[in-house]
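Trainee: I would like a close look at one part of this model, with the cut-offs stated as you go.

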Amino acid sequence: MLLSMEHLNKEYPNGKLAVDDFNLQVDRGEFICFIGTSGSGKTTTMRMINRMLNQTSGTIKINGKDIAKMDPVKLRRSIGYVIQNVGLMPHMTIKENIEIVPKLLGWSKEKRAKQAVKMIDLAQLPQEMLNRYPGELSGGQQQRIGVVRALAADQDIILMDEPFGALDPITRESLQELVKRLQEDLGKTFIFVTHDMDEALHLATRVVIMSHGKQVQVDTPNNILRHPANEFVTNLIGEERLIRAQPNILSVSQIMLKNPVAITPDKTLDDAIDLMHSRRVDTLLVTDTDGVLEGYVDLDDINRITDATTPVSRFTNREVFYVQASSLIGDTVDRILKQGVKNVPVVDAKKHLVGIVTRTALVDIVYDALRGAPATDEEPASPINADIHAAATHEGGESSQ
Amino acid sequence: MIHFLQTYGMQLISKTGQHLYISAAALGLGVIVAVPLGILLTRMKHGANAVITLAGVLQTIPAMALLAMMIPIFGIGSTPAIVALFIYSLLPILRNTYLGMEGVSPAVRDAAKGMGMTWWQSMVRAEIPLAAPVIMSGIRLSATYVIAWATLASYIGAGGLGDFIFNGLNLYRSDLILGGSIPVIILALVVDYLLGRLEATVTPRELR
């Protein structure tokens, strides 16, 4: 475990608890986003990692070593640090800025110069820029330097406090790509404070949602979208974002009807017609006695047969289109809609029939995602939607301990 | 003019030397005391205003009165003059140092500390260089004041170009008055120019 934070508390002299029993274990190469409203303690927690603030109680360990016992100056030199207002030294050239920590660590001049070139390449900026001053660079370029400066002494952990908050959306996106690349290619570990949910969901391997100094939910972006722990998280993510994300986080099993009408191949035509009539459907799925999907029978096919005792297996249509229960709707919806079929059987990994997806349910999901809002605000439009909502609420409840 | 220089030339040079010595000593002391004090004030939450107000009050004491007040403590001569002028030099330097240090962006301070600079490294490598232009302009202002007021130091026997002026006033000799005043003005302008050059040198290229 690279970084371990246990039972962290931070109490201000006025008795206010800024951070309340914070626990987190961070592995090498993770990208952790702290997100929350202002005053949620996210920045306070981050600043305790390089001892810009000291915790009231609790321990922080880096590679198993308690940082409270380390020299804070040495500790800070080993941790990258990027702040919102860039924090480049305006009176130093870009080169001098990049070299600050290596210089503090006593690197030789040649080694520092080499590192500066390496870093500016990493930032994808021209090498001529090394001799410029920060004021001659655009905001986005400055923050690129700010980011690579935090890596110049080969720091493993990089702390970032709303680093892109002041940038326009396009510049911000390119900076996000830069840090994502640094994390993925160089295996750096990021602790990233933000109040931008899109940013957190895009960058993080795990998101820590905080409110009033407490951790509300710690999970991967997908799990948070799938199972928001409570109303606070739902609000923070935003109804719209949850709906947009549905095709990518809902699996087929969450929207399927769980009791498809099925028949075994040894039954007769009579049995089939009776079953269709009683359940008021025009198609039956055919499964063997173990429940493995074999095909389907259609009312049209049945019409042509006159002998009532013909077994179902004789007129089973075996070219059946089906989907896996575990696949995401986003990945399958196109295929389903293009097939032009009304209903699609859903099978598990061993091809056992587990449910059926109706075209209506799919269209509802796609429509919501496109429009970014629920088709109806209060009442779900169809019983199928009601099932989804019920299922989501139920599972959300389970995972929110 | 030529006649004046022939008569008083040597005296003029030695008086200018005295004048410069008194001013430089007072200003030097002022810088040594006021710059660190100003930096210190930015580190204290309370008290900064009180100290700056106190320096302001000292500034309002009439120059003649302050010089006279020094006599019982330091006697006569250049020492009481240097002390009195030192007190005058404090305020502009103190205030500008305080403002200059306060003007350093908190982001710079935070970044310096967060990158692992010690307090001293942050001061020397980041904060003082950034505050230097403002501090220097305070020193420049003080220098002009001190050179002008050093004229009065002659009143308590410290010598300097004031001797010419006071003699001229007593003897109704305008050549002596001008002979003292013009060098003071030239001295003030030259020192101001030189310090101005220094100010430009310490100003980071990017902030000019």
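Trainee: Which residues have the most contacts inside the largest nonpolar core, and how many residues does that core have?

Mentor: The model is predicted, so local features are given only at pLDDT of at least 70 and side-chain atom pairs only at pLDDT 80 or more, while totals for chains, interfaces and linings use all residues. Residues are numbered from 1 along each chain as its sequence is written, and chains are lettered from A and ligands numbered from 1 in the order in which they are written.

The largest nonpolar core has 120 residues, and those with the most contacts inside it are A:Ile32, A:Cys33, B:Leu85 and B:Val146. A nonpolar core here is a set of buried Ala, Val, Leu, Ile, Met, Phe, Trp, Tyr and Cys residues joined through C-beta atoms within 7 Å. A residue is buried if 20 or more other C-beta atoms lie within 10 Å of its own, exposed if 12 or fewer, and partly exposed in between, with C-beta atoms placed from the backbone.

Take A:Cys33 from that list. Leaving aside neighbours within four places in sequence, A:Cys33 is in contact with A:Phe192, A:Thr194, A:Ala200, A:Leu203, A:Ala204, A:Val207 and A:Val208. Contact means that the two C-beta atoms, placed from the backbone, lie within 7 Å. The last of these partners, A:Val208, stands opposite A:Val218 in S10(A). Strand S9 (residues 206-211) and strand S10 (residues 214-219) of chain A pair in the antiparallel sense over five bridges. Helices (H or I, at least four residues) and strands (E, at least two) are DSSP runs numbered from the N terminus, and two strands pair if DSSP finds at least two bridges between them. The hairpin of S9(A) and S10(A) has two residues between the strands, and A:His212 in that hairpin takes a positive phi near 50°.

The list for the largest core also names residues of chain B, so the contact between the chains is worth a look. It takes 19 residues from chain A and 17 residues from chain B. On the side of chain A that touches chain B, two or more residues each come from helix H2 (72-77), strand S6 (79-83) and helix H4 (100-104). That side divides into twelve nonpolar, five polar and two charged residues; Ala, Val, Leu, Ile, Met, Phe, Trp, Tyr, Cys and Pro count as nonpolar, Asp, Glu, Lys and Arg as charged, and the others, Gly among them, as polar. Chain B has eight helices and zero strands. Of its 208 residues, 40% are buried. Among its contacts between residues at least 6 apart in sequence, 76% join residues at least 24 apart.

A second, separate core of 23 residues includes A:Leu250, A:Val346, A:Leu353 and A:Ala361. A:Val346 belongs to S15(A) and has A:Val323 opposite. S14(A) and strand S15 (residues 343-347) of chain A pair in the parallel sense over two bridges. They belong to an open sheet of three strands in the order S14-S15-S16 (chain A), with mixed pairing. Strand S14 (323-324) and strand S16 (353-358) each have a single partner strand, so one side of each is left without a neighbour in the sheet. In the loop between S15 and S16 of chain A lies A:Lys351, which has a positive phi near 65° although the residue is not glycine. A:Lys351 is partly exposed, with 16 other C-beta atoms within 10 Å.

A:Arg51 also has a positive phi, near 60°. This residue is found in the loop between helix H1 (42-49) and strand S4 (57-62) of chain A, and is buried, with 20 other C-beta atoms within 10 Å. S4(A) sits in an open antiparallel sheet of four strands with the order S2-S1-S4-S5 (chain A). Five bridges join strand S1 (residues 3-11) of chain A to S4(A), and A:Met5 stands opposite A:Ile60.

As for confidence, the mean pLDDT (the predictor's confidence in each residue, from 0 to 100) of chain A is 83, and 92% of its residues reach 70 or more. Helix H17 (residues 383-398) has the lowest mean among the elements of chain A, 40, and H4(A) the highest, 93. Over residues 375-401 of chain A the pLDDT is below 50, and this stretch has 26 contacts in the model beyond near neighbours in sequence.
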